[in-house]
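These are my notebook entries on a single protein model. I record what I looked up, entry by entry, beginning with charged pairs and ending with the backbone.

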Amino acid sequence: MNPLRFLPFFIFLFLCLSASAQSLRGTILDKDTGEAIPYATVQIGLGKGTIANEEGVFGLNLNYTATDSLLISSMGYKQKRILASSLTDGVIIYMVPSTIELSEVLLRNRMPTAEEIIREVRAALPTNYAAEEQKYQMFYRATNYMNFNDLEVEIKKATAIPKSQVAKASKQLDSLAKAIMASRLIEFQDYSGSILLKDKDSSKIVIDRATKLIDSRKDFSLDNVQEKAQNIILQYLDTTLTYKLKTGLFKIEDSLNFDQDDFDNDKKLVFGNKEVKSSLLRTLKTSQWFEFSFLDKILNTDSYRFSLDGASYFQDNPIYVVSFRPRRSKSKFSGKLYISSYDFAVLKADYAFSEGKEGKKFNMKLLLGVKFVENKNEGTILYKQNPGGTYHPYYIKRDFGNYVYLSRPLKFIENSEEREKVIFDFTFEGEGREKKELLILSSGPLDMMEFTKLEEPKTIPYTLLEQYEASVWENSQIIEPLEEMKNFKVSN
């Protein structure tokens, strides 16, 4: 028997066995400066891959064989291809900056102006972007921060609490305020699933896995702080009675029954589908090009000034780099657009509030004790070309924050003839920040029958974590977490 006759079979078997799920972590750096390159595209195989995070770190949890190669691309750098079998976990990959003269992207008899390029972009939008009836496989991460600048909780009147207990309740409220002031709330939520996009006004989501990473003992969101203060007062009230709860001028509930179970932490471990969907779709809409959308407004030459900064390369193709800044006072953003010189598709958009600009504001501090200012709004959007030539959003990051001031009395009033009450002042001042990241892993046409039949659940179950666990997302492609998330642990 000739053993060589089985050689092709063994080679085939080896390759099949090699094509199992593997993990590869790496960091992408600039060869000249040694600095991390954020948001570099890492692709392996057709349409498979991920993106480097803000620290230049990427992670791959994909099926690939020894013959596959990694294709790494980033704006302004030479594209790099590396054989996967030559890489080890923790690899550092250096990218070479690529310079280009504007004359090299000249496709006409003269160099176009920035405004002419923008007009070409607008004219090409219908053919460049698939805006309707799309299905996206995705990974979504929401990171929330809360820093407290000031917090005061003071009992003003307490006829419903025995005098001997008022000082004790006040001391507990003071201790709560000090603990909150010393804390820094941070929360991470991760989701994987799909978005079924019918059009800009009609979408459905399917979440197949979700996690939440938070120290629940330091869950000092605004609602949670108020609830913790209410719980302290609850200990000293007659729980056989019911109460009205008023905040400022507004009555919250006519008959509030202070059953301790009503104040227990939610142990169901579920997110509301409505809230998750709203957050996810707001992030997606940042990247869309329908009339009066966020990006559509930026392309308005009446509202923004444009300048042609130069040229660069992306995936070895020349691109225009066009910056924008407000032309009118109502325009708020500055940034850069990276535009293909061939089909005038926007491949990347960076934006942030211009100096001195702010977003939504509400200041009724004197009348209602409320002030709100959106003081941070910035982001990055990357697009990827489909095999058919159209583009879809690939990575979207929204990073926004606000200043909040709230001062109001909270009143517990007995539903009885005596109308005993407890009134305490609640004053809060702080800075909130939210970061949303959406990675589109694949896209394709939407099956309208699937869309019609899909019934979204009201809740989404999640796994509550005390520290980041990579094993939870084994065999799933995600955005590699930043060091702050990897190092997060619930305090003992």
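**Entry 1. A buried charged pair**

I began with Asp190 and Arg141, and I noted that both are buried. I worked on a predicted model, so I treat every value here as computed from that prediction. Asp190 has a relative accessibility of 1%, and I therefore entered this residue as buried. I located Asp190 in strand S9, which covers residues 185-199. I then looked up the partner and found a salt bridge between Asp190 and Arg141, with the closest N and O atoms 2.8 Å apart. Arg141 belongs to strand S8 (residues 134-158) and Asp190 to strand S9, so this pair ties together parts that are 49 residues apart in sequence. I also found the two side chains listed as a polar contact, at 2.8 Å.

**Entry 2. Other salt bridges**

How many salt bridges does the count come to? I recorded 15 salt bridges.

I next looked up Arg433 and Asp399, whose side chains meet in a salt bridge at 2.7 Å, N to O. Arg433 lies in strand S21 (residues 421-445) and Asp399 in strand S20, so the pair ties together parts that are 34 residues apart in sequence. Is Asp399 buried or exposed? I entered Asp399 as buried, because its relative accessibility is 2%. Arg433 has a relative accessible area of 28%, and I noted this residue as partly exposed.

I then turned to Asp201 and Lys200, and I found a salt bridge between their side chains at 3.1 Å, N to O. Asp201 counts as exposed at 62% relative accessibility. Lys200, at 35%, counts as partly exposed.

I also noted a network of salt bridges that links Arg25, Glu480 and Lys486.

**Entry 3. A buried lysine without a salt bridge**

I looked up Lys397, which is placed in strand S20 (residues 391-414). Lys397 is buried yet has no salt bridge. Which side chain of opposite charge is nearest to Lys397? I found Glu54, at 4.2 Å. A salt bridge needs the side-chain nitrogen within 4 Å of a carboxyl oxygen. I did find a polar contact for Lys397: its side chain is joined to that of Tyr39 at 2.9 Å.

**Entry 4. A positive patch on the surface**

Which residues form the positive surface patch? I listed Arg305, Arg325, Arg327, Arg328 and Lys330. I examined one of them further: Lys330 is found in the loop between strand S15 (317-326) and strand S16 (333-340). Lys330 has a relative accessible area of 60%, and I therefore recorded this lysine as exposed.

**Entry 5. Residues apart in sequence, compared in space**

I looked up the C-alpha atoms of Asp309 and Ala114, which are 195 residues apart in sequence and 8.8 Å apart in space. Asp309 lies in strand S14 (residues 304-314). Its relative accessibility is 40%, so Asp309 counts as partly exposed.

I made a second check on Thr41 and Gln79. Their positions are 38 residues apart along the chain, and their C-alpha atoms are separated by 9.9 Å. Thr41 is in strand S2 (residues 41-44). I noted Thr41 as buried, because its relative accessible area is 7%.

**Entry 6. Positive phi angles**

I finished with the backbone. Glu133 has a positive phi of about 50 degrees, although this residue is not a glycine. I placed Glu133 in the loop between helix H2 (114-128) and strand S8. With a relative accessible area of 41%, Glu133 is partly exposed.

Where is Phe292 found? I located Phe292 in the loop between helix H5 (273-285) and helix H6 (294-298). Phe292 is not a glycine either, and I recorded for it a positive phi of about 70 degrees. I entered Phe292 as exposed, because its relative accessibility is 61%.

Terms used
Residues are numbered from 1 along each chain as its sequence is written. This is a predicted model: local features need pLDDT of at least 70, side-chain atom pairs count only at pLDDT 80 or more; totals for chains, interfaces and linings use all residues. Side-chain values use heavy atoms; hydrogens and water are left out. Patches are made of residues with over 30% relative accessible area and no salt bridge: like charges are joined within 9 Å, nonpolar side chains (Val, Leu, Ile, Met, Phe, Trp, Tyr) within 5 Å. Accessible areas come from the Shrake-Rupley method with a 1.4 Å probe; for residues, only the protein chains shown count as cover. Lys and Arg count as positive and Asp and Glu as negative; His and the chain ends are not counted. The place of a charge is taken as NZ of Lys, CZ of Arg, CG of Asp or CD of Glu. Helices (H or I, at least four residues) and strands (E, at least two) are DSSP runs, numbered from the N terminus. Buried means under 20% relative accessible area, exposed over 50%, partly exposed in between (1.4 Å probe, protein chains only). A polar contact is a pair of N or O atoms within 3.5 Å; within protein, one must be able to donate a hydrogen and the other to accept it, and residues adjacent in sequence count only if both atoms are side-chain atoms.
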